[in-house]
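Please take a moment with the sequence and the model below before reading on. The paragraphs that follow begin with a single side chain and its partner, and then widen to the fold and its interior.

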Amino acid sequence: MSTPTPGRVVVVGAGMVAHRFVSQMIARSPEGEWRVSVVGDEDRAPYDRVHLSEFFGGRSADDLTMDPTVWEDPRTELVTGDAVAAVDREAQTVTTRSGRVLAYDHLVLATGSWAWTPRTEGTDLPGVFSYRTMADVQALREYVELRTERLGRTLHGVVVGGGVLGLEAAAALQGLGTSATVVEFADRLMSVQLDDA
């Protein structure tokens, strides 16, 4: 009896989970007759988002890119910079923002998290950043460097959120020579990760 193969797989989201999924497909079915297309909105290959703060310690975007050899397998396809705009479950297709249509036998949603932004005025002003993607940290560094040079003084940053990413963002600001204040709604930092004791 033959083992069924997954056929055409489309993965929506090109992050760490998508990379791991494709790596496991290759490892578990090295001779399988399947094809997988990974579609992401960012313009780069999957990277190690968990260690994004290391970008401020000298690691480059390329250093954080996950093993690119998975995309060398002829059964894999990586589509970057073209987010999925629609899923048609009945027709079993996804349509990207550019209009490309991909058919699937199996659909994997690996879109990850999103950066929460306070619902208040001013979050769209220059100097306000999210801290989730490579583009976010590159823009933050560029802004701090240009603004520091323009003003000729040390900047002061405010980080909304005292969880792991908030503290990493504050450390990144300090690493850029900027002081940082962390604002947290709970009565302690990392309230999700740590109990009262």
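Does E54 count as buried, partly exposed or exposed, and at what relative accessibility? In this predicted model, E54 has a relative accessibility of 30% and therefore counts as partly exposed, since that class lies between the 20% limit for buried and the 50% limit for exposed. The side chain of E54 forms a salt bridge with R59, and the closest N and O atoms of this pair are 2.5 Å apart. R59 has a relative accessibility of 32%, so R59 too counts as partly exposed.

Between these two partners in the numbering comes G57, which is placed in the loop between β2 (35–39) and α2 (61–64). G57 is exposed, because its relative accessible area of 70% is over the 50% limit. Although G57 and A172 are 115 residues apart along the chain, their C-alpha atoms are separated by 8.3 Å.

With this local picture in place, we can turn to the whole chain. The protein has 4 helices and 9 strands, and from the N terminus on these elements run in the order β-α-β-α-β-β-β-β-β-α-β-α-β. Along its principal axes, the C-alpha trace spans about 70 × 45 × 35 Å. Of the 197 residues, 31% count as buried, while the protein exposes about 12400 Å², of which carbon and sulfur atoms supply 52%. When contacts between residues at least 6 apart in sequence are considered, 58% of them join residues at least 24 apart.

The interior is described next. The largest nonpolar core holds 17 residues, and within it F56, Y131, M134 and V137 touch the most other members. Helices α2, α3 (134–151) and α4 (164–175) each supply at least two residues of this core. What does Y131 touch, if residues up to four places away in sequence are not counted? Its contacts are L52, S53 and F56, then D136, V137 and L140, and further along the chain L165, E168, A169 and A172. A second, separate core has 12 residues, and A14, A18, V36 and V38 are included in it.

Two threonines offer further views of how segments of the chain meet. T93 is found in strand β5 (residues 93–96), and with a relative accessible area of 15% T93 is buried, because this value is under the 20% limit. Leaving aside neighbours within four places in sequence, T93 is in contact with A86, V87 and D88, and also with V101, L102, A103 and Y104. T178, by contrast in setting, lies in the loop between α4 and β9 (179–183). Is T178 buried or exposed? T178 is buried, since its relative accessible area is 4% and buried means under 20%. Its contacts, again without neighbours within four places in sequence, are V144, T154, L155, H156, G157 and L173.

The charged side chains complete the account. The protein has 18 positive and 28 negative side chains, and the centres of the two sets lie 2 Å apart. The count of salt bridges comes to 7, one of which is the pair of E54 and R59 already described. Another is formed by R8 and D105, whose closest N and O atoms are 3.2 Å apart. This pair links distant parts of the chain, for R8 is in strand β1 (residues 8–12) and D105 is in the loop between β6 (101–103) and β7 (106–109), 97 residues apart. R8 counts as partly exposed at 39% relative accessibility, and D105 is likewise partly exposed, with a relative accessible area of 33%.

A further salt bridge joins R188 and D196, with 2.9 Å between the closest N and O atoms. R188 has a relative accessibility of 25% and so counts as partly exposed, whereas D196, at 67%, counts as exposed. Salt bridges that share partners join D187, R188 and D196 into one network.

How values were computed: Residues are numbered from 1 along each chain as its sequence is written. This is a predicted model: local features need pLDDT of at least 70, side-chain atom pairs count only at pLDDT 80 or more; totals for chains, interfaces and linings use all residues. Side-chain values use heavy atoms; hydrogens and water are left out. Buried means under 20% relative accessible area, exposed over 50%, partly exposed in between (1.4 Å probe, protein chains only). A nonpolar core is a set of buried Ala, Val, Leu, Ile, Met, Phe, Trp, Tyr and Cys residues joined through side-chain atoms within 4.5 Å. Contact means heavy atoms within 4.5 Å. Accessible areas come from the Shrake-Rupley method with a 1.4 Å probe; for residues, only the protein chains shown count as cover. Lys and Arg count as positive and Asp and Glu as negative; His and the chain ends are not counted. The place of a charge is taken as NZ of Lys, CZ of Arg, CG of Asp or CD of Glu. A salt bridge is a side-chain nitrogen of Lys or Arg within 4 Å of a carboxyl oxygen of Asp or Glu.
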